[in-house]
Amino acid sequence: MKKYKYLFLLLGLSIVGCSDLEESPITEFSPESYFSSLSLDQVEGFTSGAYAHMVHRNFMSREMAQVLMFRSDMIAIGRTGDQDRIENDNFTVQASNALIGGGSNSYWPKVYQIIGAANEAIKAGKSVEGEDEAVLNEVLARARFARAFAYFHLVRQFGDIPYLDDETLLSDAALAPRTAAAEVYLNIIADLEFAKQWLPNTQVSRAIPAKSAASAFLADVYLTLGDFALAYAEAKEIINNESIYNLGLEPDFQSLFNSDKSDISIEPIFSLHFTGTADGDQGTDYQAAFTGIRSDKQYIAASGDSVGGGWSGEVPALAVYTTWDSKDYRRAVSFDDKAIIGGVERTYETFTIGDGSAVNRPHVAKYTRMGNGTSTNTNHRATKSNYYMMRYADVLMIGAEAANELGLTADAELWVNRVMARARSGGVILGGVNDGTAVAESTVPEDFSGLSQDAFRTRILDERRLEFAFEMKRWYDIVRRKLGTTAFGSNGLESEVSTESGVGPGPKTFNPSRDYLLPIPLSEIQINPNLTQNPGY
């Protein structure tokens, strides 16, 4: 069910950012009269507002997604005119960077809007009387899941951050100091534990979290913290109950990115759904535009887009394509290496001949090939793509990684090999100039078998890089495993930067003493004297 309820969106007090708090009533009720008589529907309205914020451009659709993509070793900036993107691509980010928090279209305030709406739901829930406890707590569980989900992004990116909960007064929120990351994580865990207790086993849509979503994110949190025993336990509980939670791997990897099939797939655990319609920047799928090939019209019949193509902004580093074994079915699904530009079919080496604003590298196909946009919104911005925040393959690989660290080889190999088997199965590419191209069943990737603990660890991190390519996960793996020097040093993207390769404007000059964290937005520090800056900024 691709539908978000926008009931009472930010009704009453809406948290815009830590330093920008104002009353934004959008009904005839005053905050005082509204909160004097609360119902379950009103708590539901605040909760729905939190999820509605997640499909705005300032979150995963555009601003935050750009930062996560450019800071990975999978993407090297394409068209280079925007300084804020360049800064993230080559690790020269300034505290005034407009993507993060230095402009009207930045994601720091948007994430706090998600948190603010969730907090209002939780606070309102404490005043509701006469409702069944289980019914009320299920709604509150969704609110607390949203809050945990939002803070989990912030704490991994910025470290210590202001933690605002439903007890925080507006006067205190505007001057909130940074909360230690360890305490933020404890609060995230508490929210997810509550959600796990009260959410149902299944939901009508994977855009609405079920019990498995809370448990899966708990596993991810514990993996991030290096608590492998708890990460293993959470993953194992989900895997042992996959039939109860209605989970499994999608047989054909390609179907995950086919909007006609992804809504009925049992692999997604928690997704952001785009519907093909939008109200301004609310509900617009910008990843399709950023990753699409400039002036490419191979999908114009499916998209209804009279312009065609994308912006060639977030473009895979050439080495990602050339070092990925062509026998791996996931490679064919993940890339577009051909296009129709100016009425001519072109391979990636000649994209710029058809349009000088394109980039001569294979592009991401996950958001464009089968997003099935139906409006005339240009550059694929009206697709029906689902963004996977968590899918079952992730749980299997989290469990396998944790099991390996615990010396539980049998479980580690069993779980990750399910994902490897699907990648070997092959399939037929659908859509575009590659439509009908068959990728034969192969022996690539090989099963995990007989590896040492160290070799297993190295390989599973690389398989995560490929399995979740361009799904905004790689940067978090780089951070939690401190892979920056390996990913961006002489053996990383730096070695392929040249005029000939088109990977520019310069090397990803990673500084491990600074670049695992982003800067606290300067605009927040200027207004809030209790905020401090991360080292090196």
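This is a selection-by-selection tour of a predicted model.

**Whole chain**

Start with everything displayed. The protein has 537 residues, and 62% of them count as buried. Its secondary structure consists of 23 helices and 12 strands. The accessible surface comes to about 19200 Å², with 51% of that area belonging to carbon and sulfur atoms. Now consider contacts between residues at least 6 apart in sequence: 71% of these join residues at least 24 apart.

**Helix H7**

Select residues 133-158, which make up helix H7. The 26 residues should span 38 Å at 1.5 Å a residue, and the end C-alpha atoms are 36 Å apart, so the length agrees with the expectation. Colour by accessibility: 22 of the 26 residues are buried, which leaves H7 mostly covered.

Then look at the two ends. At the start of H7, a side-chain oxygen of Asp 132 comes within 3.0 Å of the backbone nitrogen of Ala 134. Just after the helix, Gly 159 has a positive phi of about 75 degrees.

**The nonpolar cores**

Which residues touch the most other members of the largest nonpolar core? Select Phe 145, Tyr 151, Ile 188, Phe 270 and Leu 272; these are the ones, in a core of 141 residues. H7 supplies the largest share of this core, with 15 residues. Apart from this core lies another, of 8 residues, including Phe 253, Phe 257, Ile 429 and Val 439.

Centre on Phe 145 next. Leaving out residues up to four places away in sequence, Phe 145 touches Tyr 51, Leu 192, Ala 195, Pro 209, Ala 213, Ala 214, Phe 217 and Phe 270.

**Strands E4 and E10**

Select 268-273 for strand E4 and 386-391 for strand E10. The two strands run antiparallel and are joined by 5 bridges. To find the register, look for Ser 271, which stands opposite Tyr 388 in E10. Is E4 buried or exposed? Of its 6 residues, 6 are buried, so E4 is largely enclosed by the rest of the structure. In a regular strand, side chains alternate between the two faces of the sheet.

Stay in E10 and pick Met 390. Its relative accessibility is 0%, so Met 390 counts as buried. With neighbours within four places in sequence set aside, Met 390 is in contact with Ala 216, Phe 217, Asp 220, Pro 268, Ile 269, Phe 270 and Lys 473. A distance to draw here is from the C-alpha atom of Met 390 to that of Arg 206: 9.8 Å, for two residues 184 apart along the chain.

**Thr 284, after E4**

Follow the chain out of E4 into the loop that leads to helix H13 (286-291), and stop at Thr 284. Thr 284 has 2% relative accessibility and therefore counts as buried. Its side chain reaches the backbone oxygen of Gly 280 at 2.7 Å. Beyond its neighbours within four places in sequence, Thr 284 is in contact with Val 55, Ser 61, Phe 274, Ala 278 and Arg 381.

**Helix H18**

Select 392-405 for helix H18. This helix has 14 residues and reaches 20 Å from its first C-alpha to its last, close to the 20 Å expected at 1.5 Å a residue. How many of the residues of H18 are buried? The count is 14 of the 14, so H18 is largely enclosed by the rest of the structure. Following H18, Gly 407 has a positive phi, near 80 degrees.

**The E7-E8 hairpin**

Select 338-341 (strand E7) and 344-347 (strand E8), which pair in the antiparallel sense over 4 bridges. Ala 339 stands opposite Arg 346 in E8. The two strands form a hairpin with 2 residues between them, and Gly 342 in the turn has a positive phi of about 65 degrees.

**Asn 528**

The last stop is Asn 528, in the segment after helix H23 (522-527). The relative accessible area of Asn 528 is 0%, so this residue is buried. Show what surrounds it: not counting residues up to four places away in sequence, Asn 528 touches Ala 174, Leu 175 and Ala 176. The C-alpha atoms of Asn 528 and Ala 176 are separated by 7.6 Å, although the residues are 352 apart along the chain. Finally, display polar contacts: the side chain of Asn 528 reaches the backbone nitrogen of Asn 530 at 2.9 Å.

Terms used:
Residues numbered from 1 in each chain as written. Predicted model: local features only at pLDDT ≥ 70, side-chain atom pairs only at ≥ 80, totals over all residues. Heavy atoms only, no water. Pairing = 2+ DSSP bridges. Expected span 1.5 Å × (residues − 1). Buried < 20%, exposed > 50% of the residue type's maximum accessible area, 1.4 Å probe, protein only. Polar contact = N/O pair within 3.5 Å; in protein donor to acceptor, adjacent residues only side chain to side chain. Contact = heavy atoms within 4.5 Å. Areas by Shrake-Rupley, 256 points an atom, 1.4 Å probe, with all protein chains shown as cover. Core = buried A, V, L, I, M, F, W, Y, C linked by side-chain atoms within 4.5 Å.
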